[in-house]
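Reader: I would be grateful for a close look at one part of this model, namely how its paired strands are arranged. Please begin with one pairing and then set it beside the other strands.

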Amino acid sequence: KGSTPRRNTQRPGIPYVLFAAQDIWNVTPDGRLGVVRSSDYHVEWREAEGRLTTGPRIAFDRRPVTLDDRMDHTRRFMQGSSISGRNEHGGLSPLPAEMLEEKAIRDVVEYQEHSPVHPPFSGTVPLISLGGSLWVERSVRLGVAQTWDVVGVDGALAGRVQLPRGRRLVALGARWLYAVVADDDGLERLERYR
């Protein structure tokens, strides 16, 4: 299921409800479908022939969405939008500079629809390891390093991996994790971890 669309579209804003819980999924090379359910955070595996395995509920905190959360999300969204200007690092940004000022961002946030609580996980498509486990990015507090739940083929939580701060996991290999980190100029570098 996609992002929850906004109901109030009379004012400019982000086209979806911030922090709305949504189910996410991915498919293994052999045709197994892994669906991560947001209602109570559990994983369902559907085999290619149709057999369904439902894992146990994975514990999570129902954290309130704060103004800082909304400001951060909106700022990042606006820096990736579709008109041109300069971003906070001096590089090109798709919006004019005045749209990236604190007041302009706050104006959008004031009217932007949002969930009152964070979902258990982000809307990032889960990654699938070569061993068949599903990696689900947790929803974490601002400033906390990216954290992934590793869910086994039985749907149960098998482990949790936290990347070094500022890193974003992009791929899983047989022996390595691959992450991206950006410097102050926005230049991205690929790193690998055991």
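Author: Leu-172 stands opposite Leu-177 in β12. This pair belongs to a predicted model, in which β11 (residues 167-172) and β12 (residues 177-182) run antiparallel and are joined by 5 bridges. The two strands form a hairpin, and 4 residues lie between them.

On the other side of the chain, β12 continues into a further pairing. Strand β13 (residues 188-193) is joined to β12 by 6 bridges, and these strands also run antiparallel. Within this pairing, Val-180 has Leu-190 in β13 as its bridge partner. β12 and β13 form a hairpin with 5 residues between the strands, where Gly-186 takes a positive phi near 85°. Strands of a sheet pair through backbone hydrogen bonds, in either a parallel or an antiparallel manner.

An earlier part of the chain offers another set of pairings. Here 4 strands form an open sheet in the order β1-β2-β3-β4, with antiparallel pairing. The edges are taken by β1 and β4 (52-54); each has a single partner strand, so one side of each is left without a neighbour in the sheet. On average, neighbouring strands of this sheet are turned by 15° against each other, direction ignored. At the β4 edge, 3 bridges join β3 to β4, and the two run antiparallel. One residue pair in this region is Trp-45 with its bridge partner Thr-53 in β4.

Two residues around these strands have an uncommon backbone conformation. Most residues other than glycine have a negative phi. Tyr-41, however, is not a glycine and has a positive phi of about 50°. Tyr-41 is located in the loop between β2 (33-37) and β3 (42-46). With a relative accessibility of 0%, Tyr-41 counts as buried. Phe-19, also not a glycine, has a positive phi of about 65°. Phe-19 lies in the segment before β1 (24-27). Its relative accessible area is 17%, and Phe-19 is therefore buried, the cut-off being under 20%.

A word on confidence is in order. The protein averages a pLDDT of 88, and 86% of the residues score at least 70. Over residues 83-91, by contrast, the pLDDT is below 50; this stretch nevertheless has 27 contacts in the model beyond near neighbours in sequence.

Terms used
Residues are numbered from 1 along each chain as its sequence is written. This is a predicted model: local features need pLDDT of at least 70, side-chain atom pairs count only at pLDDT 80 or more; totals for chains, interfaces and linings use all residues. Side-chain values use heavy atoms; hydrogens and water are left out. Buried means under 20% relative accessible area, exposed over 50%, partly exposed in between (1.4 Å probe, protein chains only). Two strands pair if DSSP finds at least two bridges between them. Axes are lines fitted to C-alpha atoms, for helices over the stretch in contact, and angles run from 0 to 180 degrees between N-to-C directions. pLDDT is the predictor's confidence in each residue, from 0 to 100. Contact means heavy atoms within 4.5 Å.
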